[in-house]
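This report describes the helical packing, the core and selected local features of a single model. The sequence and the structure are shown first.

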Amino acid sequence: MANLELIKSRLKEAIQQSGISQTKLAEMLSVSQSCVAHYVKGDILPRIDKFAYLCEILEVDPAYLLGLED
């Protein structure tokens, strides 16, 4: 079962390790930069469609981010 804190932590880590600026990432996802900042802080999680595209952009397995795989 997915753990919300683990998802937030892994998402934050993946964004930070990507080397893509929050501004660029926001542009790619068609969201505001403040929205991406909230993803990084773990305040909110992206909608499922944004999550799928974010995984593609970050080149990370969705199962890993969801805590289903190590």
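Is Glu59 buried or exposed? Glu59 is exposed, with a relative accessible area of 75%; exposed denotes over 50% relative accessible area, buried under 20%, and partly exposed the range in between, with a 1.4 Å probe and protein chains only. The model is predicted, so that local features need pLDDT of at least 70 and side-chain atom pairs count only at pLDDT 80 or more, while totals for chains, interfaces and linings use all residues. Residues are numbered from 1 along each chain as its sequence is written, and side-chain values use heavy atoms, with hydrogens and water left out.

**Loop residues with positive phi**

Glu59 lies in the loop between α4 and α5. Helices are DSSP runs (H or I, at least four residues), numbered from the N terminus. The phi of Glu59 is positive, near 55°, in a residue other than glycine, and Glu59 comes just after α4. A second residue of this kind is Ser30, which follows α2 and belongs to the loop between α2 and α3. Ser30 has a phi near 60°, again positive in a residue other than glycine. With 61% relative accessibility, Ser30 counts as exposed.

Glu59 can also be placed relative to helix α1, in which Lys12 is found. Lys12 and Glu59 are 47 residues apart in sequence, and their C-alpha atoms are 14 Å apart in space. Lys12 counts as partly exposed, at 35% relative accessibility.

**Helix α4**

The buried residues of α4 are Lys50, Phe51, Leu54, Cys55, Ile57 and Leu58. Seen down the axis of α4, they fall within an arc of 160°, so they line one face of the helix; the arc is that of the directions from the helix axis to the C-beta atoms. On the other side of α4, Ile48 and Glu56 are exposed. The cover over the buried residues of α4 includes α1, α2, α3 and α5 (62-65).

**Helix α2**

In α2, the buried residues are Leu25, Ala26 and Leu29. Their arc around the axis is only 100°, which puts them on the same side of α2. These buried residues pack against α1, α3 and α4.

Two of these positions may be described further. Ala26 is in helix α2 (residues 22-29) and is buried, with a relative accessible area of 3%. Its contacts (heavy atoms within 4.5 Å), leaving aside neighbours within four places in sequence, are with Val31, Ser32, Gln33 and Val36. Ala26 and Ala37, 11 residues apart in sequence, have C-alpha atoms 9.1 Å apart in space. Leu25, with neighbours within four places in sequence again left aside, is in contact with Ile15, Ile20, Val36, Leu54 and Ile57.

**The largest nonpolar core**

A nonpolar core is a set of buried Ala, Val, Leu, Ile, Met, Phe, Trp, Tyr and Cys residues joined through side-chain atoms within 4.5 Å. The largest such core has 17 residues, of which Ile15, Leu25, Tyr39, Leu54 and Leu65 touch the most other members. Two or more residues of this core come from each of α1 (4-18), α2, α3 (33-41) and α4 (48-58). The largest share, five residues, comes from α4. In soluble globular proteins, nonpolar side chains tend to be buried together.

**Cysteines and aromatic rings**

A disulfide is counted where a pair of cysteine sulfur atoms lies within 2.5 Å, and by this rule the count is zero. The table lists the two cysteines that are in no disulfide.

| Cysteine | Nearest cysteine sulfur | Distance | Relative accessible area |
|---|---|---|---|
| Cys35 | Cys55 | 15 Å | 17%, buried |
| Cys55 | Cys35 | 15 Å | 3%, buried |

The structure also holds zero aromatic pairs. Such a pair requires rings of Phe, Tyr or Trp (its six-membered ring) with centres within 6.5 Å, and planes under 30 degrees apart count as stacked, over 60 as edge-to-face and the rest as tilted. A charge does sit over one ring: Arg10 lies over the face of Tyr64, at 4.1 Å from the ring centre. The rule asks for NZ of Lys or CZ of Arg within 6 Å of the ring centre and within 35 degrees of the ring normal.
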